[in-house]
Structure formats: structure tokens, C-alpha cells
Amino acid sequence: MKHRGMKSLALALLLLSAPTIFAQNKDAMVSSIVQEANANSQLEKYAFELIDMIGPRLVGSPQMQQAHDWVVKNYNALGAQARNEPYGEWRSWERGTSQVTMTYPRIKSLEGTQLAFSPMTKEKGIEAEVVAMPLFSSQSDFQSWLKTIKGKIVLIGMNPLSGRSDANWKESASPKGYEKYQTLKSDQLKKWEGSMSYTGSTRRTLPLALENAGAVGVIDSYWTELPGITRIFDAKSKQIPVFNVGLEDYGLLYRMAEHGVKPRVSLHGNSKELGTSKTYNSIAEIKGKEKPDEYVVLSAHLDSWDGASGATDNATGVITMMEAVRILRKVYPENKRTILVGNWGSEEQGLNGSSAFVEDHPEIAKNIQVVWNQDNGTGRIVRIGGSGFEKSYEYISRWVQYLPEEFRNEIQTSFPGMPGTGGSDHSSFVQKGIPAFGLSSTSWDYGTVTWHTNRDTYDKIVFDEVKQNAIIVAILTYLACEEPTLVSREKIILPIDKDGKQTVWPTNLQSKRTSGN
Ligand SMILES: [Zn+2]
């Protein structure tokens with residue numbers, strides 16, 4: 001009896017000690033990651049070089065190429081093997097200076113800029129009377145108005161009732177005044193949307209219809225409901241320039257046009273057309289020492305819109321991944337699986353770079369452990385969803401337990417979650433059945449202040465939170481590399497939709513490999 005008891009005690013100790021040592025190793029690694037992140041952070045250096053020096057990264061632009069080269073140079077310096085991998089081509093357009101000046105009834109410089117891909121103006125610019133697009137009550141109404149805009153610059157955005165934020169109204173107006181404002185605001189929007197439906201265009205395609213009708217320029221305004229902040233996308237016109245003007249100056253022109261003053265504006269934009277250029281993904285790999293053919297993928301799009309410098313969309317994602325790799329190179333050089341970082345091109349035109357990568361690399365796609373994608377601003381990661389993978393709760397919950405307590409306590413997980421139909425690059429992987437997860441951040445007013453706006457700049461970055469994210473990504477990547485086997489790819493059975501039909505796993509994403517220009 002005694003003898004047998006000793007034996008089973010020894011066996012029990014043995015069984016206990018293996019995972020305990022493993023856990024201790026993991027805890028030690030987690031401490032080393034945190035220590036390295038705090039002692040030697042390179043985030044501010046990376047941010048300055050990418051955001052301030054290179055600047056915005058519009059698909060096809062020379063700055064995008066510079067960004068690709070910068071990524072490759074930095075990853076090579078970290079001991080990774082990095083390359084720019086071509087997958088298509090795009091119209092190459094380079095932003096120049098933009099000037100918008102009201103020339104009548106008085107001179108005033110206006111806050112405005114050429115939209116991306118807008119045709120340039122003539123060398124001296126164009127100068128013309130500004131007219132405001134009225135509300136239409138039918139298609140024929142719109143068609144007859146089109147006959148009046150020849151030679152004019154047309155204002156095509158809605159001019160909001162107030163340039164104050166909603167929060168400001170709520171705080172300072174009387175309850176009755178606030179309620180009245182809300183009613184008027186939603187009435188105005190409804191009328192505007194009704195009128196737009198008669199044009200048969202969206203705000204992005206309307207300039208082409210106006211160009212065909214003889215307008216010489218278009219001014220849009222796309223207010224985010226915060227003073228001074230406007231969204232800046234691209235232009236679809238072929239000949240005439242399209243400019244964005246901030247709400248405050250836009251309202252000035254709009255009121256003058258409405259009052260019959262016939263204001264005049266000079267538009268000057270000297271962008272360059274550079275033909276077409278190749279589009280790339282910048283890929284960095286650190287080969288796995290035990291399982292080189294299995295991959296843990298770090299994902300962030302490198303491109304941006306160019307109304308500002310794409311700081312939180314998505315330079316922060318790019319530098320988070322770079323810093324995570326820098327840390328891991330230092331404290332975890334013996335990575336078991338291959339760590340692959342995808343710095344995607346052309347996310348903003350429809351997740352094109354990441355979709356192309358998945359399409360072009362079936363051999364990698366089938367052996368991906370997990371994908372960690374970050375693309376919603378500078379905030380600390382607080383939400384991880386299961387993307388519709390049945391067993392995601394099992395391994396993600398287990399890995400999250402290793403995060404430093406104050407990080408872990410804030411993270412909300414939602415399992416099994418739903419597979420994405422778009423939004424950001426993890427969807428390109430999820431659609432092919434690869435466990436890929438968006439690491440979602442606290443807002444920091446991402447939607448109203450920085451997302452595709454003229455204010456997405458270096459100063460909006462909260463570096464302590466980005467550092468926290470680099471630590472989280474480094475730890476989750478380490479654990480995914482160490483996991484004994486590849487995790488389950490089992491999908492959930494999707495729900496029945498409201499029409500009684502079985503929802504199917506999304507497959508809508510396909511890489512667009514040319515701009516078609
Ligand atoms: Zn983005």
C-alpha cells in the first residue's frame with residue numbers, strides 16, 4: 001500500500017510539474033515582453049517617420065511606395081525577411097498644393113483641399129460663380145436644373161443648420177431648444193436624402209453628372225458634426241476639379257449663393273497624374289524554428305486616405321505590429337511558428353491587398369494559426385470577438401488569461417461572434433475560413449475626429465495605449481506560436497435571417513487589382 005502510494009504521488013507530481021513549468025515559462029516570457037516594451041519603445045520614432053515624414057499613403061501614390069520601402073527597411077533591420085509583393089496596379093496620382101479663395105464679394109482664403117484623384121486645375125486655377133444645388137422634387141426637376149450650371153462651380157453638400165456639435169447643443173440649449181433642433185435636423189436630412197435620390201447619383205458620383213452638364217468645378221462638404229472636422233475621400237469626375245471645403249467656409253458660400261449674391265471662387269489644385277503604378281503588400285516573415293510552414297499573422301493596412309496623414313487609420317496599427325515584432329525579436333528569438341506581418345495595400349478601396357494575399361497564397365492560408373488585425377484607432381484594445389469560429393472561445397480565452405491583469409480586466413470577449421462581410425482586413429481571411437480576429441480599441445472619438453478626416457494627425461496618437469496594444473499583440477502572438485497544435489477552424493451554424501432563409505458564410509470579398517482608369 002505504502003509503496004503504491006509513493007508511486008502515485010510521484011506520478012501526480014510529475015503530471016503537475018510539466019504544465020506548471022510551462023506556465024512559469026510563459027509568465028516569465030510575458031514579463032520580459034512587458035519590460036522590453038516599457039524600457040525601449042520605438043513607437044514614437046516609428047510614428048514620426050511614417051506619419052510626419054512620409055505622410056498620407058494613398059493607393060498608387062509615390063508616398064505609398066515610400067511607405068512600403070520604409071516598412072521593408074525596418075523589418076529587415078529587425079532581422080525579419082521583408083519584401084514588397086506586387087498584386088496589381090492603380091492610377092498614380094500625387095497631391096500638390098490646394099488653394100481655395102473667395103474672390104467676390106470679398107477676398108477670403110477658404111479652408112479647402114482637392115479631393116484625391118480629382119483632376120488638377122489649369123495652371124492659373126479656375127475662377128467662376130458659385131451656385132448651390134437646390135432641393136429637387138423629381139428627376140425632371142434635377143434634369144432641368146442641370147441646364148443652368150454651365151460654367152459654374154457647384155456646391156453639392158448639404159449645408160447643416162448648425163456648425164455646433166450635438167454634445168454642445170445638448171449641454172447648452174434649453175431642453176425645448178435641443179428638441180426643436182433635433183426635429184429640424186432630421187427633417188433637413190430627410191429632405192436632402194429625398195432630393196439626392198432624384199439625381200440618381202451619390203455624393204461621390206454626382207460630380208461626373210455635373211461635369212457632363214458643363215459645370216467647371218465642384219465643391220463638397222462632408223461634415224463630421226464637430227467644428228473644423230471634415231471627411232475627405234476621392235473624386236469620380238474626369239475633367240473638372242472637385243474640392244472639399246470645411247463646413248464653416250462652405251456655409252459662407254452657401255448662404256451667399258442662396259441670397260443671390262453670386263459669390264465667386266478661385267480653385268487652384270496642382271496635383272500630378274503619374275500614369276499607373278504597381279500595388280503591393282509589404283510582407284515581413286520571421287521563419288518558425290520548429291514549424292516554419294505554420295503561420296501566426298499580424299495584420300494592419302498601410303495605406304490611408306489623404307485628407308491628413310492617416311495617423312490613427314491606420315499608422316497606429318502598422319507601428320503596433322512593428323513594435324510587437326521588435327519586442328518578440330528581442331525576447332522570443334526562437335519563435336516556433338513563422339510570424340508573418342501583412343502591411344496591406346489599398347484597404348481603403350475595399351480590402352484589396354489582404355484579399356489578394358489570401359487569393360495568391362493558398363499554401364500559407366491553409367496553415368495559418370490565427371490572424372490578429374488592428375485597424376480602429378489609437379485606443380487600447382478592449383474587445384475581441386470570435387468571428388464565427390465555434391471553438392474560438394477556448395483558445396482566445398485561454399491566451400487572454402496571460403495578459404497583464406489591468407489589460408485583461410478591460411477586455412470583453414464575444415464568442416462565437418459573427419464572420420465579417422468587410423470593415424477591415426481580418427474579413428479577407430475569415431471569408432476563407434481562417435481564424436482571424438479584429439482587435440477593437442476604445443474610441444477616442446475615432447468616428448467623428450480622425451476616421452478619414454482632415455484631422456487624422458500625429459498629435460491624436462495616445463502612445464501609452466498604442467504601447468499597451470503592442471504588448472497585447474506580442475503576448476497573443478507568442479502564445480499562438482507556442483500552442484501545441486493548429487487551432488480549430490470549425491465554423492458556427494449561422495442563424496436563420498428574418499425572411500426565414502439560412503444565412504451563409506460570407507464570400508463577398510474579392511481583390512480589385514486595378515483602378516480601371
Ligand atoms: Zn482603416
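Helices (H or I, at least four residues) and strands (E, at least two) are DSSP runs, numbered from the N terminus. With that naming in hand, one residue to find straight away is N314, which lies in helix α9. The peptide bond leading into N314 from D313 is cis, with omega near 5°.

A word on the ground rules before going further. This is a predicted model, in which local features need pLDDT of at least 70 and side-chain atom pairs count only at pLDDT 80 or more, while totals for chains, interfaces and linings use all residues. Residues are numbered from 1 along each chain as its sequence is written, and side-chain values use heavy atoms, with hydrogens and water left out.

How confident is the predictor? The scale is pLDDT, the predictor's confidence in each residue, from 0 to 100. The chain averages a pLDDT of 95, and 96% of the residues score at least 70. Residues 1-7 are another matter: pLDDT stays under 50 there, and the model has zero contacts (heavy atoms within 4.5 Å) for them beyond four places in sequence. Where pLDDT is low, the predicted coordinates should not be read in detail.

Now back to α9, and to its partner α16. Two packed helices are described by the angle between their axes and the distance between the axes. Here axes are lines fitted to C-alpha atoms, for helices over the stretch in contact, and angles run from 0 to 180 degrees between N-to-C directions. The axes of α9 (residues 311-331) and α16 (residues 463-482) come within 8 Å and cross at roughly 55°. That makes α9 oblique to α16, on a scale where angles under 35 degrees count as roughly parallel, over 145 as roughly antiparallel, 65 to 115 as roughly perpendicular and the rest as oblique. On the α9 side, the residues that meet α16 include T316, I319 and M321, and among their counterparts in α16 are F463, V466 and Y478. The residues of this contact between α9 and α16 divide into 11 nonpolar, four polar and one charged; Ala, Val, Leu, Ile, Met, Phe, Trp, Tyr, Cys and Pro count as nonpolar, Asp, Glu, Lys and Arg as charged, and the others, Gly among them, as polar.

A second helix pair makes a nice contrast to look at. Helix α2 (residues 43-54) and helix α3 (residues 62-77) pack at an angle of about 165°, with their axes 10 Å apart. α2 and α3 are therefore roughly antiparallel to each other. Their contact is made by Y46, E49, L50 and I54 of α2 and Q63, Q66, A67, W70 and N74 of α3, which divide into five nonpolar, three polar and one charged.

Next, some backbone details in the loops. Most residues other than glycine have a negative phi, and most peptide bonds are trans. The peptide bond from Y104 to P105 is cis, with omega near 10°, and P105 sits in the loop between β2 (98-104) and β3 (108-110). E225, in the loop between β7 (217-220) and β8 (242-245), has a positive phi near 75°. W444 also has a positive phi, near 50°, and lies in the loop between β16 (436-441) and α15 (446-450). At 47% relative accessibility, W444 counts as partly exposed (buried means under 20% relative accessible area, exposed over 50%, partly exposed in between, with a 1.4 Å probe and protein chains only).
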